[in-house]
Every structure is written in structure tokens, then in C-alpha cells.
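Reader: Hi, I'm new to this one and would like a walk through it. Could you put it up so we can start?
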Amino acid sequence: MQNHLEILKRASKFIVCPYCSKHYCLEDISIRNISGGQLVLQAICSRGHSPIITLFVTRMGNINIKSEKISPIVPDEVIVMHQNLKKFKGNFRQLFKND
Ligand SMILES: [Zn+2]
């Protein structure tokens with residue numbers, strides 16, 4: 001079983017901001033949902049770029065995070081996401097395109 005800190009450390013090595021390619025710090029990443037070995041992570045770039053939501057899959061199966069509290073998304077976070085999406089001038093299809 002993995003705890004969420006180990007998973008977030010591993011995720012921070014792989015996940016980068018799609019705008020500036022900066023690796024996220026542990027403080028930038030939060031767990032939004034867990035299902036089996038899959039986590040939905042939210043990452044917010046410290047350089048002010050739009051937040052991302054990503055699916056992170058572990059190879060270790062179920063994740064033990066019962067001792068850790070996962071906070072629900074609060075209205076202010078939704079408002080910040082909305083504001084960032086409104087400012088976004090890029091192309092999501094291009095951004096998530098597999099090369
Ligand atoms: Zn960035």
C-alpha cells in the first residue's frame with residue numbers, strides 16, 4: 001500500500017505545467033478523487049498558469065489514504081478555475097493532442 005505523500009512525490013516527477021513545462025512542487029498538487037489505483041489530481045502552477053486536472057494511475061493497486069483527509073472542492077476553487085479558463089487563450093485540443 002502506498003500513502004498519498006509517496007504518490008504525490010512520484011506524481012510531481014512526471015507532471016509538468018502544459019504552459020511553461022515547470023514540474024509541480026508537492027504543494028502545487030492535490031488529490032481530488034481516488035478509485036482503486038487511479039487518482040484524479042489537481043495541479044496549480046506557481047507561476048500563475050491555469051490549473052490542470054489529470055488522472056494518475058499507480059501500479060501498486062489500492063491506495064491506503066484512510067488516515068489522510070481529502071478536502072472537497074470548495075466554491076472558491078471553482079471560481080478560480082472559471083476565471084483561469086476565461087483567461088485561457090490556448091487551444092485545448094492542441095494542448096492535449098498526443099504527438
Ligand atoms: Zn506554468
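Author: Read along the sequence, the protein follows the pattern α-β-β-β-α-α, where helices (H or I, at least four residues) and strands (E, at least two) are DSSP runs numbered from the N terminus. This is a predicted model, in which local features need pLDDT of at least 70 and side-chain atom pairs count only at pLDDT 80 or more, while totals for chains, interfaces and linings use all residues. Residues are numbered from 1 along each chain as its sequence is written.

Reader: How much of the protein counts as buried?
Author: Of its 99 residues, 11% count as buried, meaning that 20 or more other C-beta atoms, placed from the backbone, lie within 10 Å of the residue's own (exposed is 12 or fewer, partly exposed in between).

Reader: And which residues make up the largest nonpolar core?
Author: That core has ten residues, namely Ile-7, Leu-8, Ala-11, Tyr-24, Ile-29, Leu-39, Leu-41, Ala-43, Ile-44 and Cys-45; a nonpolar core is a set of buried Ala, Val, Leu, Ile, Met, Phe, Trp, Tyr and Cys residues joined through C-beta atoms within 7 Å. Helix α1 (4-14) and strand β2 each supply at least two residues of this core.

Reader: Switching to strands, how do β2 and β3 pair?
Author: Strand β2 (residues 38-43) and β3 pair in the antiparallel sense over six bridges, pairing being called when DSSP finds at least two bridges between two strands. Within this pairing, Gln-42 has Ile-53 of β3 as its bridge partner.

Reader: Why does β3 lie largely in the open?
Author: Strand β3 (residues 52-57) lies largely in the open because the number buried among its six residues is zero.
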